[in-house]
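Me: I am new to this structure and would like a close look at a single part of it, the largest pocket. Please take me through what lines it and what surrounds those residues.

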Amino acid sequence: MSYIQHKSEESLEDYLETILILSRRLSVVRSIDVATELNFSKPSVSVAMKNLKNRAYITVSEDGYLHLTNEGQKIAENVYERHTLLTDWLVHLGVDPKVAAYDACKMEHDITPESYEAMKKCILSILGRT
């Protein structure tokens, strides 16, 4: 995968994760909510939502409400789990929470499933969550 393709996938994962997080806070999620949450322009988010819809990761109701499809939900939950676990681990190691969240966002996209599962097992043990 090229650098550009990787960055594109990372961006789509971030959008899906954001829709998931917003859906847990709000009764309905719209593109404007995503734009506000990520501090992105409305046109940028509109293009991203079109891409997510074309890839069948989201559906958009007639009222403009965003809904994750089963596949979109799976990806979003996977990314969110990685983000949360890696953030918690870095904070446990003494990293400032804002820095930990930033670094976790970078790490969550680049680690292979095999390495993540090995780290997850170890981290959960260290954090006492086994």
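Reply: What follows goes from the model itself to the pocket, then to some of its lining residues and their surroundings.

This is a predicted model, in which local features need pLDDT of at least 70 and side-chain atom pairs count only at pLDDT 80 or more, while totals for chains, interfaces and linings use all residues. Residues are numbered from 1 along each chain as its sequence is written, and side-chain values use heavy atoms, with hydrogens and water left out. The predictor's confidence in each residue, called pLDDT, runs from 0 to 100; its mean for the protein is 91, and 93% of the residues reach 70 or more. Over residues 2-6, however, pLDDT stays under 50, and for this stretch the model has three contacts beyond four places in sequence. Where pLDDT is low, the predicted coordinates should not be read in detail.

The largest pocket holds about 290 Å³ of space. A pocket here is found on a 1 Å grid over the protein atoms alone, as an open set of points where a 1.4 Å probe fits, with protein on both sides within 12 Å along at least five of seven lines, and its lining residues have an atom within 4 Å of a point. Grid points are joined across faces, edges and corners, and the volume is the space filled by probe spheres set on the points. The lining is made by Asp14, Glu17, Thr18, Ile21, Arg25, Glu37, Leu38, Phe40, His83, Ala101, Tyr102 and Cys105. By class, six of these are nonpolar, two polar and four charged, where Ala, Val, Leu, Ile, Met, Phe, Trp, Tyr, Cys and Pro count as nonpolar, Asp, Glu, Lys and Arg as charged, and the others, Gly among them, as polar.

Helix 1 (3-25), helix 2 (31-38) and helix 5 (97-110) each supply at least two residues of this lining, and helix 1 gives the most, with five residues. Helices (H or I, at least four residues) and strands (E, at least two) are DSSP runs, numbered from the N terminus. An α-helix has 3.6 residues a turn, so residues three or four places apart point the same way.

On the helix 1 side, Thr18 counts as buried because its relative accessibility is 8%; buried means under 20% relative accessible area, exposed means over 50%, and partly exposed lies in between, with a 1.4 Å probe and protein chains only. A polar atom of the Thr18 side chain lies 2.8 Å from the backbone oxygen of Asp14. Thr18 also touches Val34, Glu37 and Leu38, when residues up to four places away in sequence are not counted, contact meaning heavy atoms within 4.5 Å. Of these partners, Val34 is one of the buried residues of helix 2, together with Asp33 and Ala35. Just after helix 2 comes Asn39, which takes a positive phi of about 60 degrees although it is not a glycine. Asn39 is placed in the loop between helix 2 and helix 3 (42-54), and at 70% relative accessibility it counts as exposed.

Another lining residue, His83, lies in helix 4 (residues 70-92) and is buried, because its relative accessibility is 17%. Leaving aside neighbours within four places in sequence, His83 is in contact with Glu17, Ala101, Ala104, Cys105 and Glu108. Cys105, in helix 5, counts as partly exposed because its relative accessibility is 21%, and beyond four places in sequence it touches Asp14 and His83.

Behind these residues, the surroundings can be followed through Ala104, which is also placed in helix 5 and counts as buried at 0% relative accessibility. Beyond four places in sequence, Ala104 touches His83, Leu86, Thr87 and Leu90, and its C-alpha atom is 7.8 Å from that of Thr84, 20 residues apart in sequence. Leu90, placed in helix 4, is buried with a relative accessible area of 9%. With neighbours within four places in sequence left aside, Leu90 is in contact with Val95, Ala100, Asp103, Ala104 and Met107, and the C-alpha atoms of Leu90 and Asp103, 13 residues apart along the chain, are separated by 8.5 Å.

Terms used
A polar contact is a pair of N or O atoms within 3.5 Å; within protein, one must be able to donate a hydrogen and the other to accept it, and residues adjacent in sequence count only if both atoms are side-chain atoms.
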